[in-house]
Amino acid sequence: MALRPFSIAPRWPGVTASALVIALTLGTLAAVAWRAEWDDGISVADWAAIRFTVLQALASAAFSTVLAIPVARALARRQFAGRGLLITLLGAPFLLPVIVAVMALLTIFGRSGVLNTALGVIGLPTFSIYGFHGVVLAHVFFNLPLATRLILQGWLAVPAERFRLAATLNAPVWQLLERPMLRSVVPGTFLVIFLICLTSFAVALTLGGGPRATTVELAIYQALRFDFDLGRAALLASVQFALCTAAALLVWQVSQHDQLSGGLDRTVQRWNLPAPFADGIVIALAALFLLLPLGMIIVRGIPGLFDMPISIWWAALRSIAVASLSAILCTAMAIALGLSTNRTVTIIGALPLAASGLVVGTGAFLLVYPYVNPAKVALIVTALANATLALPFALRSIAPAIASVRQDFERLGATLGLGPWAWLWIVVLPRIRRPLGFGAGIAAALSMGDLGVIALFASETQETLPLAMYRLMGAYRMEAAASAGLLLLALSLLAFWLCDRGGRANAQL
């Protein structure tokens with residue numbers, strides 16, 4: 001039994017994790033700001049990159065959100081075989097490597113894709129996916145499922161009693177319930193996707209380019225890899241951080257809540273729903289848009305899966321190593337921050353939302369370049385950056401579970417005299433295995449498909465699978481790229497499944 005009061009949770013892990021997060025976000029930003037060429041100012045080409053970045057993010061977020069509304073409404077109104085599976089698949093693009101998504105779109109909309117082949121057969125002009133419209137199309141493909149899931153949650157959160165009351169009064173459900181719900185959900189959804197599109201480097205790298213289709217992150221990459229202009233890269237990284245910070249603050253602030261009373265958690269029932277055919281068409285088109293490109297990747301990738309060069313398999317092993325290290329670091333930081341009772345931890349855990357992989361990578365490049373060849377530390381820096389960027393997602397899953405354990409068992413643990421490590425191993429970890437596995441899976445899958453920091457550092461002998469796949473696409477070896485994409489997709493989903501399944505196996509309810 002404890003003889004004196006003490007803190008059952010150690011403080012130093014939270015302090016260490018906070019210091020690491022600050023170093024990889026604000027520290028790299030400080031290195032970028034210190035090296036930036038402020039006297040030269042922002043050039044005309046840089047302003048063009050800033051305008052393109054903001055405009056493509058606005059257009060992508062607008063199209064994704066607007067198109068998601070009828071899809072979410074149809075899914076909320078209709079029950080059909082496979083509905084649960086379809087909703088589950090809508091969460092998959094969040095874990096889908098961006099370079100695989102781009103490859104999937106190229107199989108449909110590329111120069112030799114299905115669409116252009118069909119247009120050529122019937123004598124119509126072909127479609128080019130490269131440029132502004134291609135970047136927006138890729139972002140809609142990537143973010144439409146996320147927008148649908150977020151808006152669908154708003155629909156499903158409307159209590160069944162309100163629909164029953166509206167049916168009893170023969171009141172218009174759209175005006176009374178659905179439109180007010182959308183006013184509270186849509187702005188936040190739009191801003192979240194806008195923030196994601198601001199930092200989407202791989203899409204711009206593969207489908208953008210050229211003076212009129214260059215994002216700020218792509219300009220940073222070009223300044224470092226091709227021009228080796230560290231001052232300009234640092235200046236652009238500072239601009240990118242400012243854009244992401246403004247967007248993150250907007251996401252933080254725009255949060256309207258429904259002020260009406262709640263319900264009794266009954267199953268939602270709807271009566272006299274019109275236009276079942278229209279809802280079916282909307283669901284079918286959305287499913288076709290999302291699943292057909294992925295199906296084409298599978299079809300084209302399987303024949304050459306076992307004939308890929310040995311370098312691809314080595315790249316896959318590097319990706320596995322980086323993803324494993326990233327998942328371990330991310331979950332360790334999330335646990336450490338979750339155990340802390342300091343309120344500033346919430347702010348520290350959200351700092352990576354205002355950063356991007358290219359900004360963190362640029363800052364890390366500037367810090368290590370005077371002392372060591374950046375290529376020698378490429379994999380380590382990539383793992384650290386990926387762990388930090390995935391932290392907000394893992395922390396959102398793990399921190400509430402730790403708070404619940406503290407509330408239920410901390411007093412008992414202190415009474416029994418449990419030390420910090422005994423408290424962690426005996427009490428905390430067994431009861432947070434589910435969210436811990438989920439958070440680790442998110443971190444592993446996101447790191448597996450990352451094509452950001454590694455593009456700045458790696459040489460050909462240190463490339464990961466996404467970078468190897470991008471180089472195959474650049475060499476127009478599309479069949480080999482499709483096989484590498486299928487392997488990357490399988491590894492990303494397998495990494496998430498193993499971590500998530502490991503957390504659910506024999507976990508405490």
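1. A disulfide is counted here where two cysteine sulfur atoms lie within 2.5 Å of each other. By that criterion the structure, which is a predicted model, holds 0 disulfides. Two cysteines may be noted for their surroundings: Cys 244 is buried, its relative accessible area being 0%, whereas Cys 499 is partly exposed, at 24%.

2. On secondary structure, the chain comprises 22 helices and 0 strands. Of its contacts with a separation of 6 or more, 84% are made by residues 24 or more positions apart.

3. Burial should be read for the chain as a whole. Among the 509 residues, 51% count as buried. The chain exposes about 24,200 Å², and 66% of this area is supplied by carbon and sulfur atoms.

4. The largest nonpolar core contains 156 residues. Within this core, Ile 335, Ile 432 and Phe 457 are the residues with the most contacts. Once neighbours within four places in sequence are set aside, Ile 335 is in contact with Ile 398, Ile 402, Leu 424, Leu 429, Ile 432 and Leu 436. Ile 432 therefore appears both among the residues with the most contacts inside the core and as a contact of Ile 335.

5. A nonpolar patch on the surface also deserves mention. This patch is formed by Phe 277, Ile 281, Leu 285, Leu 288 and Leu 292, which together have about 520 Å² of accessible area. One of these residues, Leu 288, lies in helix α13, which spans residues 276-301.

Terms used
Residues numbered from 1 in each chain as written. Predicted model: local features only at pLDDT ≥ 70, side-chain atom pairs only at ≥ 80, totals over all residues. Heavy atoms only, no water. Core = buried A, V, L, I, M, F, W, Y, C linked by side-chain atoms within 4.5 Å. Buried < 20%, exposed > 50% of the residue type's maximum accessible area, 1.4 Å probe, protein only. Contact = heavy atoms within 4.5 Å. Patch = residues over 30% accessible without salt bridge, like charges linked within 9 Å, V, L, I, M, F, W, Y side chains within 5 Å. Areas by Shrake-Rupley, 256 points an atom, 1.4 Å probe, with all protein chains shown as cover. Salt bridge = Lys/Arg side-chain N within 4 Å of Asp/Glu carboxyl O. Helix = DSSP H or I, 4+ residues; strand = E, 2+ residues; numbered from the N terminus.
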